[in-house]
Amino acid sequence: MRSCPTLAAYGRLYCALPRRFVSLSFTSLRRHNSAPFLNFSLFTAFRSPFSRMEQFQTGTGSTGNKAMVENLKRFGVISSKKVSEVMEALDRGLFVPVGSSAYADTPLPIGYNATISAPHMHATCLLLLEDKLQPGMRALDVGSGTGYLTGCFALMVGAEGRVVGVDHIPELVDMSIKNVEKSVAGPLLQKGSLSLHVGDGRKGWKEFAPYDAIHVGAAASEVPQALLDQLKPGGRMVIPVGTYFQELKVIDKCEDGSIKARTETSVRYVPLTSRDEQTGGF
Ligand code: SAH
């Protein structure tokens with residue numbers, strides 16, 4: 001298994017903080033009527049490298065996006081040329097609601113009790129999956145939300161690959177398609193090597209299985225068997241597991257079909273759940 005010095009460095013940084021604050025730095029569920037950006041204010045109180053990154057953000061559009069990627073490189077989050085190129089090419093500003101801080105290193109609400117993950121989490125997942133996102137490979141993004149990470153996957157595997165995004169909120173899927181269309185990943189959507197679908201991601205997406213890479217953008221109480229079944233031998237899944245306390249798991253399916261799992265870091269994601277549970281029946 002490939003080691004990741006960047007993430008090891010993060011682990012050390014966060015070990016010094018109470019777990020409650022560790023988790024708050026990542027994607028968090030924000031219910032209607034709850035205090036907005038509680039995670040942001042508590043977290044910045046520690047003056048961590050990420051909070052400093054927020055102050056560094058400059059410009060808008062491609063300038064702001066470039067500065068965001070530069071900061072992620074400067075703080076050692078991005079250690080790969082390919083990941084850097086892809087995140088620079090795909091403007092995060094096209095994927096977040098108008099008026100939000102697109103290039104700050106923070107999760108942002110996107111409606112329906114969902115959030116777009118913080119840029120450092122997107123970068124982390126891209127790095128963990130990079131070997132399985134080579135040109136021509138297949139990837140599944142469960143809980144595709146805004147379509148940002150799905151778009152990054154599509155740029156990584158290229159026109160010869162196949163990337164599928166699945167989210168169970170139809171309005172988010174519609175929005176993600178519009179977002180991707182505006183971006184450099186638009187032609188891949190048009191040509192069919194990238195597609196975004198409405199569905200229960202816990203069942204995976206059989207049509208294009210098995211996948212070299214599976215990313216799950218919402219926390220599962222346990223790893224869904226359907227996703228393990230749809231992972232190719234030699235493939236890798238990155239999935240947050242847990243309820244309140246969650247861990248980002250890296251699951252490798254060996255060539256003989258056996259499974260190896262390890263924990264990358266502590267995280268806080270929205271739950272992988274039913275549509276009714278997520279939206280409160282609205
Ligand atoms: N990775 C995305 C979104 C993360 S938020 C981004 O960064 O933009 C998690 C997403 O998982 C939400 O969009 C939510 O609607 C979706 N989700 C939660 N449970 C799901 C399920 N069972 N099936 C499909 N999508 C689900």
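Student: Let's start with the backbone oxygen of Thr 243. Which side chain has a polar atom 2.8 Å from that oxygen?

Tutor: That's the side chain of Gln 246. One thing to keep in mind as we go: this is a predicted model. To call something a polar contact, look for a pair of N or O atoms within 3.5 Å. At 2.8 Å, the pair formed by the Gln 246 side chain and the Thr 243 backbone oxygen is on the list.

Student: Which backbone nitrogen lies 2.6 Å from a polar atom of the Gln 246 side chain?

Tutor: The backbone nitrogen of Tyr 269. Put the two together: the Gln 246 side chain has a polar atom 2.8 Å from the backbone oxygen of Thr 243, and a polar atom 2.6 Å from the backbone nitrogen of Tyr 269.

Student: Where is Gln 246, and is it buried or exposed?

Tutor: Gln 246 sits in strand β8, which covers residues 246–253. For burial, the cut-off is under 20% relative accessible area. Gln 246 comes out at 2%, so it counts as buried.

Student: How far is Ala 219 from Gln 246, in sequence and in space?

Tutor: They are 27 residues apart along the sequence and 7.2 Å apart in space, C-alpha to C-alpha. Ala 219 is in the loop between β6 (211–216) and α11 (225–229). Ala 219 counts as buried because its relative accessibility is 4%.

Student: Okay, and a pair with Lys 178: how far is it from Leu 94?

Tutor: Here the sequence gap is 84 residues, with 9.3 Å between the C-alpha atoms. Lys 178 belongs to helix α9 (residues 170–182). Exposed means over 50%, and Lys 178 counts as exposed because it has 53% relative accessibility.

Student: Let's move to the ligand. Which residues are closest to it?

Tutor: Count the residues with a heavy atom within 4 Å. That gives 24 around the ligand, and the closest are His 122, Thr 146, Asp 167, Gly 201 and Thr 273. The shell divides into eight nonpolar, 13 polar and three charged residues.

Student: Which element gives the largest share of that shell?

Tutor: Strand β2 (residues 114–116), with three residues.

Student: What do His 122, Asp 167 and Gly 201 each do at atom level?

Tutor: Check which protein atom is involved, then which ligand atom. His 122 puts a polar side-chain atom 2.9 Å from a ligand oxygen. Asp 167 also uses a polar side-chain atom, 2.6 Å from an oxygen of the ligand. With Gly 201, a backbone N or O atom lies 2.8 Å from a ligand nitrogen.

Student: How much of the ligand does the protein bury?

Tutor: Compare the ligand alone with the ligand in place. Alone it exposes 570 Å², and the protein buries 100% of that. The space taken by the ligand is the largest cavity.

Student: His 122 came up already. How covered is its helix, α7?

Tutor: For a helix, go residue by residue. In α7 (residues 119–129), 11 of the 11 residues are buried. Among them are His 120, His 122 and Cys 125.

Student: And helix α8, how many of its residues are buried?

Tutor: Nine of its 10, over residues 148–157. The buried ones include Tyr 148, Cys 152, Phe 153 and Met 156. Just after α8 comes Gly 158, with a positive phi of about 75°.

Student: Which residues other than glycine have a positive phi?

Tutor: Tyr 112 is one, with phi near 60°, and Asn 113 is another, also with phi near 60°. Tyr 112 lies in the loop between β1 (108–111) and β2, and so does Asn 113. At 34% relative accessibility, Tyr 112 counts as partly exposed, whereas Asn 113 counts as buried because its value is 5%.

Student: Where is the cis peptide bond?

Tutor: Read omega: near 0° is what you see at the cis bond from Ala 209 to Pro 210. Pro 210 is in the loop between β5 and β6.

Student: Last one, in β5: what does the His 197 side chain contact?

Tutor: The side chain of Ser 195, through a polar contact of 2.8 Å. His 197 lies in β5, residues 194–198, and it counts as buried because its relative accessibility is 18%.

Methods. Residues numbered from 1 in each chain as written. Predicted model: local features only at pLDDT ≥ 70, side-chain atom pairs only at ≥ 80, totals over all residues. Heavy atoms only, no water. Polar contact = N/O pair within 3.5 Å; in protein donor to acceptor, adjacent residues only side chain to side chain. Areas by Shrake-Rupley, 256 points an atom, 1.4 Å probe, with all protein chains shown as cover. 1 Å grid on protein atoms, 1.4 Å probe; cavity = no way out; pocket = protein on both sides within 12 Å on 5 of 7 lines; lining within 4 Å. Sits in = over half its atoms within 2 Å of the grid points. Helix = DSSP H or I, 4+ residues; strand = E, 2+ residues; numbered from the N terminus. Nonpolar A, V, L, I, M, F, W, Y, C, P; charged D, E, K, R; others polar. Buried < 20%, exposed > 50% of the residue type's maximum accessible area, 1.4 Å probe, protein only.
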